[in-house]
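Work through the exercises below with the sequence and the structure open. Each task is followed by a solution in steps.

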Amino acid sequence: MKLYLLVFLFMVAPFRLAMATETLVFDCKRAEKDFTEEYEMKLVVATKLSKAKIYLDGRDLDQVDGNGSQLVKNVHITPPNIVMLIDAHFEPEILAGIAYPAGTVTTLLTLNQVTGKLKKVETIQGGILGSNLGNGTRTSEESCLPAKGR
């Protein structure tokens, strides 16, 4: 009987470990000039049954509506780094009487779990962001540490 229990534990333990690593939660901080924002980032790694997800303060980053779409394309963990890819597409719009063309933003996030450094590389093309910020690639850094008590 003890042998069966031991075999069962060896079979279940890797599954339980995998389940424990599917969701990671971080407390993050973004500082820009005189503005500081703190937020929670929750990462859910893709499984055979579901796609990768990213939540910021509980808000799902996968969004689709009449104005466009934002989709988490991938969350990949290669210790100590977590690499995330997000694509956003915006429909043409008129805001305050100004017409803006369709646009895209591709965001590549790399989080080093050891240092807590989150590097964000955003490539903007067109749309209201391209018109106001300019087209091109921007790089910024934030800090994200494992959430305590979770």
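**Exercise 1.** Is Leu145 buried, partly exposed or exposed, and which residues does Leu145 touch outside its own sequence neighbourhood?

Solution. The model is a predicted one.
- Step 1: Leu145 has a relative accessible area of 48%. Buried requires under 20% and exposed requires over 50%, so Leu145 is partly exposed.
- Step 2: locate the residue. Leu145 belongs to strand β12.
- Step 3: list its contacts, leaving out neighbours within four places in sequence. They are Val25, Phe26, Asp27 and Gly116.
- Step 4: check a C-alpha distance. Leu145 and Leu118 lie 9.4 Å apart in space, with their positions 27 residues apart in sequence.

**Exercise 2.** Classify Pro146 by accessibility and find which residues Pro146 touches beyond four places in sequence.

Solution.
- Step 1: strand β12 covers residues 136-146, and Pro146 is in it.
- Step 2: with a relative accessible area of 49%, Pro146 falls under the cut-off of over 50% for exposed and is therefore partly exposed.
- Step 3: beyond four places in sequence, Pro146 touches Val25, Phe26 and Asp27.
- Step 4: Pro146 and Met41 are 105 residues apart along the chain, yet their C-alpha atoms are separated by 9.5 Å.

**Exercise 3.** Which members of the largest nonpolar core touch the most other members, and which elements give two or more residues to this core?

Solution.
- Step 1: the core has 19 residues, and Phe26, Met41, Ile54 and Met84 touch the most other members.
- Step 2: two or more residues come from each of β1 (23-32), β2 (35-44), β6 (68-78), β7 (81-90) and β10 (103-112).
- Step 3: take Phe26 and set aside its neighbours within four places in sequence. Among its contacts are Tyr39, Glu40, Met41 and Leu43. Ile82 and Leu111 are also in contact with Phe26, as are Cys144, Leu145, Pro146 and Ala147.
- Step 4: set this against the general rule. In soluble globular proteins, nonpolar side chains tend to be buried together.

**Exercise 4.** Which residues form a nonpolar patch on the surface, and is Leu133 buried or exposed?

Solution.
- Step 1: the patch consists of Phe90, Leu129 and Leu133, which together have about 250 Å² of accessible area.
- Step 2: Leu133 is in helix α2, residues 127-133.
- Step 3: the relative accessible area of Leu133 is 51%, and the cut-off is over 50%, so Leu133 is exposed.

**Exercise 5.** Which residues are linked in a network of salt bridges, and how does each pair within it rank in accessibility?

Solution.
- Step 1: the whole structure contains eight salt bridges.
- Step 2: Lys51 and Asp62 form one of them, at 2.9 Å from N to O. This pair links distant parts of the chain: Lys51 is in the loop between β2 and β3 (53-56), while Asp62 is in the loop between β4 (59-60) and β5 (63-65), 11 residues apart.
- Step 3: Lys51, at 39% relative accessible area, is partly exposed. Asp62 is buried because its value of 14% is under 20%.
- Step 4: Lys53 and Asp60 form another salt bridge, with their closest N and O atoms 2.6 Å apart. Both of these residues are buried.
- Step 5: Lys51, Lys53, Asp60 and Asp62 are linked in a network of salt bridges.
- Step 6: for a further pair, take Arg30 and Glu32, whose side chains meet at 3.1 Å, N to O. Arg30 is partly exposed at 22%, and Glu32 is partly exposed at 48%.

**Exercise 6.** Which backbone nitrogen does the side chain of Asn112 reach?

Solution.
- Step 1: Asn112 is found in strand β10.
- Step 2: its side chain reaches the backbone nitrogen of Val114 at 2.8 Å.
- Step 3: beyond four places in sequence, Asn112 is in contact with Pro80, Asn81 and Lys117.

**Exercise 7.** How many helices and strands does the protein chain have, and what part of its residues is buried?

Solution.
- Step 1: the chain has two helices and 12 strands, in the order α-β-β-β-β-β-β-β-β-β-β-β-α-β.
- Step 2: of its 150 residues, 27% are buried.
- Step 3: the chain exposes about 10,300 Å², with 60% supplied by carbon and sulfur atoms.
- Step 4: consider contacts between residues at least 6 apart in sequence. Of these, 34% join residues at least 24 apart.

Key
Residues are numbered from 1 along each chain as its sequence is written. This is a predicted model: local features need pLDDT of at least 70, side-chain atom pairs count only at pLDDT 80 or more; totals for chains, interfaces and linings use all residues. Side-chain values use heavy atoms; hydrogens and water are left out. A nonpolar core is a set of buried Ala, Val, Leu, Ile, Met, Phe, Trp, Tyr and Cys residues joined through side-chain atoms within 4.5 Å. Buried means under 20% relative accessible area, exposed over 50%, partly exposed in between (1.4 Å probe, protein chains only). Helices (H or I, at least four residues) and strands (E, at least two) are DSSP runs, numbered from the N terminus. Contact means heavy atoms within 4.5 Å. A polar contact is a pair of N or O atoms within 3.5 Å; within protein, one must be able to donate a hydrogen and the other to accept it, and residues adjacent in sequence count only if both atoms are side-chain atoms. Patches are made of residues with over 30% relative accessible area and no salt bridge: like charges are joined within 9 Å, nonpolar side chains (Val, Leu, Ile, Met, Phe, Trp, Tyr) within 5 Å. Accessible areas come from the Shrake-Rupley method with a 1.4 Å probe; for residues, only the protein chains shown count as cover. A salt bridge is a side-chain nitrogen of Lys or Arg within 4 Å of a carboxyl oxygen of Asp or Glu.
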